[in-house]
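Reader: I am new to this structure and would like a close look at a single part of it, set within the chain as a whole. Please take your time and connect the details as you go.

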Amino acid sequence: VQLQASGGGLVQAGGSMTLSCAASGSIFSISDLGWYRQAPGKERELVAFTTSGGVANYAPSVQGRFTISRDNTRNTTSLQMNSLKPEDAAVYYCCATMILIGDMKFRNVWGQGTLVTVSS
């Protein structure tokens with residue numbers, strides 16, 4: 001089972017960027033699916049996540065600027081980031097709470113991270 005994130009890079013402040021994440025492998029179901037980020041010298045923090053029912057939750061710092069979406073048929077999620085600020089720069093990690101086939105327990109699976117750099 002793996003989560004493959006993509007879409008990071010360099011963007012100017014005020015610009016937009018979309019991150020994508022695809023889960024693959026022996027997945028029975030995915031409950032929460034979302035994004036965390038970690039800036040240099042800081043702890044990893046929750047950015048946004050969606051429940052299996054499609055309810056989205058956002059960190060206050062990104063509310064109104066970021067939009068998370070999800071495709072349950074493809075086990076993918078995207079994070080549309082608008083009005084980016086220098087403080088949004090970080091490594092962004094996709095994370096999924098899932099049940100694997102043959103192992104009926106919830107597990108948190110992390111992607112490899114994708115770097116977002118915001119120039120001022």
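Author: Ser83 has a relative accessibility of 41% and therefore counts as partly exposed, since that class lies between the 20% limit for buried and the 50% limit for exposed. In this predicted model, Ser83 sits in the loop that runs between S8 and S9, and its phi is near 50 degrees, a positive value in a residue other than glycine. That deserves a remark because most residues other than glycine have a negative phi.

Asn75 also has a positive phi, of about 55 degrees, although it is not a glycine. Its place is the loop between strand S7, residues 66–71, and strand S8, residues 76–81, and with a relative accessibility of 22% Asn75 counts as partly exposed.

Beyond the loop that holds Ser83 comes S9, and this strand, residues 90–100, contains Tyr93, while Trp110 belongs to strand S10, residues 103–110. Tyr93 and Trp110 form an aromatic pair, with 6.5 Å from centre to centre and 80 degrees between the planes, an arrangement that is edge-to-face. Because one ring lies in S9 and the other in S10, the pair ties together parts that are 17 residues apart in sequence. The two partners differ in their cover: Tyr93 is buried, with a relative accessible area of 15%, whereas Trp110, at 37%, is partly exposed. The count of aromatic pairs comes to 2, and ring pairs link Tyr36, Tyr93 and Trp110 into a cluster.

To set these loops and strands within the whole, the protein chain has 11 strands and 0 helices, so that, read from the N terminus, its elements run β-β-β-β-β-β-β-β-β-β-β. Among the contacts in the protein chain with a separation of 6 or more, 55% are between residues 24 or more positions apart. The radius of gyration of the protein chain is 14 Å, which agrees with the value near 14 Å that a compact globule of 120 residues would have, and the C-alpha trace spans about 50 × 25 × 20 Å along its principal axes.

Turning to the surface, 38% of the 120 residues count as buried, Tyr93 being one of the buried residues. The protein chain exposes about 6,300 Å², and carbon and sulfur atoms supply 50% of that area. As for charge, the protein chain carries 9 positive and 7 negative charges, and the mean positions of these two groups are 2 Å apart.

How values were computed. Residues numbered from 1 in each chain as written. Predicted model: local features only at pLDDT ≥ 70, side-chain atom pairs only at ≥ 80, totals over all residues. Heavy atoms only, no water. Helix = DSSP H or I, 4+ residues; strand = E, 2+ residues; numbered from the N terminus. Rg over C-alpha atoms; globule rule 2.2 N^0.38 Å. Buried < 20%, exposed > 50% of the residue type's maximum accessible area, 1.4 Å probe, protein only. Contact = heavy atoms within 4.5 Å. Areas by Shrake-Rupley, 256 points an atom, 1.4 Å probe, with all protein chains shown as cover. Lys, Arg positive; Asp, Glu negative; His and termini not counted. Charge placed at Lys NZ, Arg CZ, Asp CG, Glu CD. Phe/Tyr/Trp six-rings, centres within 6.5 Å; stacked < 30°, edge-to-face > 60°.
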